[in-house]
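Work through the exercises below with the model open. Try each task before reading its solution.

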Amino acid sequence: MTRAVLSLGSNLGDRLVHLRAAVAGFGDAVRRVSGVYETPPWGDPDQPTYYNAVLLAEDPAAGPYEWLERAGAAERAAGRVRDPRRRFGPRTLDVDVIAVWGDDGEPVLGDDPELTLPHPRAHLRAFVLRPWLDLEPHGRLPGHGPIADLLNTGEAAVDALELRPRPDLALESTA
């Protein structure tokens with residue numbers, strides 16, 4: 001069985017609908033979903049704010065590239081169009097594979113340009129670390145250490161001050 005941490009973000013259209021659809025798209029693999037945080041844009045400040053969340057998933061049949069394919073399928077279903085000129089530009093949905101653990105419980109490490117594990121900038125991104133911490137208070141980002149420590153030091157600590165929890169928003173359907 002593999003376990004994955006995936007980051008969800010949206011800043012175009014109905015952001016909450018896009019996040020909910022992504023969670024639904026992962027189906028029975030979903031184990032836990034964080035609350036929603038509203039965050040300033042990262043990398044390109046001239047765009048709307050994001051809604052961000054983290055999803056913990058497990059699937060005995062999914063390897064790292066299957067998680068990546070599922071992430072891409074969720075983005076395509078949300079109408080995501082990639083603009084190579086705006087790497088950090090606005091998007092209907094962004095799903096990043098943050099970390100994957102194999103059957104043996106060991107983290108999967110890799111530096112393939114298509115999928116680097118763990119995600120190469122996750123340790124800098126409070127919008128990934130904070131929701132993940134809500135789900136796993138003792139969680140660890142492979143190669144970087146405890147999530148709580150990463151949020152209390154360095155760039156992620158500064159960015160964490162700008163996160164706004166949105167307890168009024170839930171990713172489970174209200175219907």
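## Exercise 1: A buried ion pair

R80 and D94 form a salt bridge, with the closest N and O atoms 3.0 Å apart. The model is a predicted one.

**Task.** State where R80 and D94 lie and whether they are buried or exposed.

**Solution.**
- Step 1: place the partners. R80 is in the loop between α2 and β5, and D94 is in strand β5.
- Step 2: count along the chain. The two are 14 residues apart, and the pair links distant parts of the chain.
- Step 3: check burial. Both R80 and D94 are buried.

## Exercise 2: A salt-bridge network

**Task.** Find which residues are linked with R166 in a network of salt bridges.

**Solution.**
- Step 1: start with E38. Its side chain meets that of R166 in a salt bridge of 2.9 Å, N to O.
- Step 2: locate both. R166 lies in the segment after β10 (164–165) and E38 in strand β3 (residues 37–39), so the pair ties together parts 128 residues apart in sequence.
- Step 3: turn to D168. D168 also forms a salt bridge with R166, with the closest N and O atoms 2.7 Å apart.
- Step 4: compare accessibility. E38 counts as buried because its relative accessibility is 14%, under the 20% cut-off. D168 counts as exposed because its value is 55%.
- Step 5: complete the set. R15, E38, R166 and D168 are linked in the network. A search of the whole structure finds 11 salt bridges.

## Exercise 3: The faces of a helix

**Task.** Work out where the buried residues of α2 fall around the helix axis, and what they pack against.

**Solution.**
- Step 1: check the geometry. Helix α2 (residues 64–77) has 14 residues and spans 20 Å from first to last C-alpha, close to the 20 Å expected.
- Step 2: list the buried positions. They are P64, W67, A71, G72, A74 and E75.
- Step 3: look down the axis. These buried residues fall within an arc of 155°, so they line one face of α2.
- Step 4: recall the helix rule. An α-helix has 3.6 residues a turn, so residues three or four places apart point the same way.
- Step 5: find the packing partners. The buried residues of α2 pack against β1 (2–10), α1 (15–25), β4 (50–59), β5 (94–101) and β7 (115–117).
- Step 6: zoom in on G72. G72 is buried, with a relative accessible area of 14%. Its C-alpha is 7.2 Å from that of V95, although the two are 23 residues apart along the chain.
- Step 7: turn to the other face. The exposed residues R76 and A77 sit on the face turned away from the buried side.

## Exercise 4: An acid without a salt bridge

**Task.** Say which side chain of opposite charge is nearest to D96, and how far away.

**Solution.**
- Step 1: place D96. It lies in strand β5.
- Step 2: look for a partner. D96 is buried yet has no salt bridge; R125 is the nearest side chain of opposite charge, at 4.0 Å.
- Step 3: list its contacts. Leaving out residues up to four places away in sequence, D96 touches V5, L6, S7, H119 and R125.

## Exercise 5: Backbone details

**Task.** Identify what kind of peptide bond joins L117 and P118.

**Solution.**
- Step 1: read omega. It is about -5°, and the bond is cis.
- Step 2: place P118. P118 lies in the loop between β7 and α3 (126–135).
- Step 3: look just after α2. There G79 takes a positive phi of about 80°.

Conventions
Residues are numbered from 1 along each chain as its sequence is written. This is a predicted model: local features need pLDDT of at least 70, side-chain atom pairs count only at pLDDT 80 or more; totals for chains, interfaces and linings use all residues. Side-chain values use heavy atoms; hydrogens and water are left out. Helices (H or I, at least four residues) and strands (E, at least two) are DSSP runs, numbered from the N terminus. The expected span of a helix is 1.5 Å times one less than its number of residues. Buried means under 20% relative accessible area, exposed over 50%, partly exposed in between (1.4 Å probe, protein chains only). The arc is that of the directions from the helix axis to the C-beta atoms. Contact means heavy atoms within 4.5 Å. Lys and Arg count as positive and Asp and Glu as negative; His and the chain ends are not counted.
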